[in-house]
Amino acid sequence: GSMKDLLKKSALTVLDRGGAVRGFVNIGREQPLPYRMKRHMEYHTHGSFWLMHYFSNPKTSHVLLDQLKLDARVIRCNVVKVTDTLSKMAETGHSM
């Protein structure tokens, strides 16, 4: 499977559970990793980095993380909470 398929699958996981995807940011393709990482019984020295900005409930974030951890194309994944609600995001002037 390609990176495009992985991004689409991730977005659909959020959308199918009532969330909203704001967009993707490609941080770099085939960049050297800070150190050699082992994942899915294989060592990796390079990887592609991307961000997905989305809104969802906490359960959806857990489902997405579990899905990414099982995917052989993913070496590392993480979810960072930006704010609790859309209204708080608007009040604080966050933009993505």
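User: Let's start with Arg73: what is its relative accessible area, and does that make it buried, partly exposed or exposed?
Analyst: This is a predicted model, so take the values as computed from it. Buried would need under 20% and exposed over 50%. Arg73 falls in between and counts as partly exposed, with a relative accessible area of 33%.

User: Which residue does the side chain of Arg73 meet in a salt bridge?
Analyst: Side chains of opposite charge can pair when their charged atoms come close. Here the N to O distance is 2.7 Å, and the cut-off for a salt bridge is 4 Å. The structure holds one salt bridge. The partner of Arg73 in it is Asp71.

User: And is Asp71 buried or exposed?
Analyst: The cut-off for buried is under 20% relative accessible area. Asp71 has 9%, so the verdict is buried.

User: Switching to rings, which two residues form the aromatic pair?
Analyst: A search of the whole structure turns up one aromatic pair. Its ring centres are 6.0 Å apart and its planes are at 55°, which makes the pair tilted. The two residues are Phe24 and Trp50.

User: How many residues apart in sequence are the parts that this pair ties together?
Analyst: Phe24 belongs to strand S1, residues 20-39. Trp50 belongs to strand S2, residues 42-55. The pair therefore ties together parts whose separation in sequence is 26 residues.

User: What is the relative accessibility of Phe24, and what is the relative accessible area of Trp50?
Analyst: Both rings belong to residues that count as partly exposed. Phe24 comes out at 37%, and Trp50 has 23%.

User: Which residues make the nonpolar surface patch?
Analyst: S1 and S2 each supply at least two residues of the patch. One of the patch members is Val25, which lies in strand S1 and is partly exposed at 36% relative accessible area. The patch covers about 330 Å² and is made by Val25, Ile27, Phe49 and Leu51.

User: Over which ring does the charged end of Arg36 sit?
Analyst: The test needs CZ of Arg within 6 Å of the ring centre. The charged end of Arg36 is 3.7 Å from the centre of the ring. That ring belongs to Tyr43.

User: What about His44: where is it found, and which residues does it touch?
Analyst: His44 is found in strand S2. With a relative accessible area of 15%, His44 is buried. Leaving out residues up to four places away in sequence, the residues that His44 touches are Leu33, Tyr35, Arg36, Met37, Arg39 and Ile75.

User: Is Ser61 buried or exposed, and which residues does it touch?
Analyst: Ser61 has its place in helix H2, residues 58-70. Its relative accessibility is 15%, so Ser61 counts as buried. Setting aside residues up to four places away in sequence, Ser61 touches Tyr54, Ser56 and Val79.

User: Leu64 next: which residues does it touch?
Analyst: Leu64 is placed in helix H2. Its relative accessible area is 3%, so Leu64 is buried. Apart from residues up to four places away in sequence, Leu64 touches Ser10, Thr13, Val14, Met52 and Tyr54.

User: Last one: what distance separates the C-alpha atoms of Leu64 and Cys77?
Analyst: Along the chain, Leu64 and Cys77 are 13 residues apart. In space, their C-alpha atoms are separated by 9.8 Å.

Conventions
Residues are numbered from 1 along each chain as its sequence is written. This is a predicted model: local features need pLDDT of at least 70, side-chain atom pairs count only at pLDDT 80 or more; totals for chains, interfaces and linings use all residues. Side-chain values use heavy atoms; hydrogens and water are left out. Rings of Phe, Tyr and Trp (its six-membered ring) pair if their centres lie within 6.5 Å; planes under 30 degrees apart count as stacked, over 60 as edge-to-face and the rest as tilted. Helices (H or I, at least four residues) and strands (E, at least two) are DSSP runs, numbered from the N terminus. Buried means under 20% relative accessible area, exposed over 50%, partly exposed in between (1.4 Å probe, protein chains only). A charge sits over a ring if NZ of Lys or CZ of Arg is within 6 Å of the ring centre and within 35 degrees of the ring normal. Contact means heavy atoms within 4.5 Å. Patches are made of residues with over 30% relative accessible area and no salt bridge: like charges are joined within 9 Å, nonpolar side chains (Val, Leu, Ile, Met, Phe, Trp, Tyr) within 5 Å. Accessible areas come from the Shrake-Rupley method with a 1.4 Å probe; for residues, only the protein chains shown count as cover.
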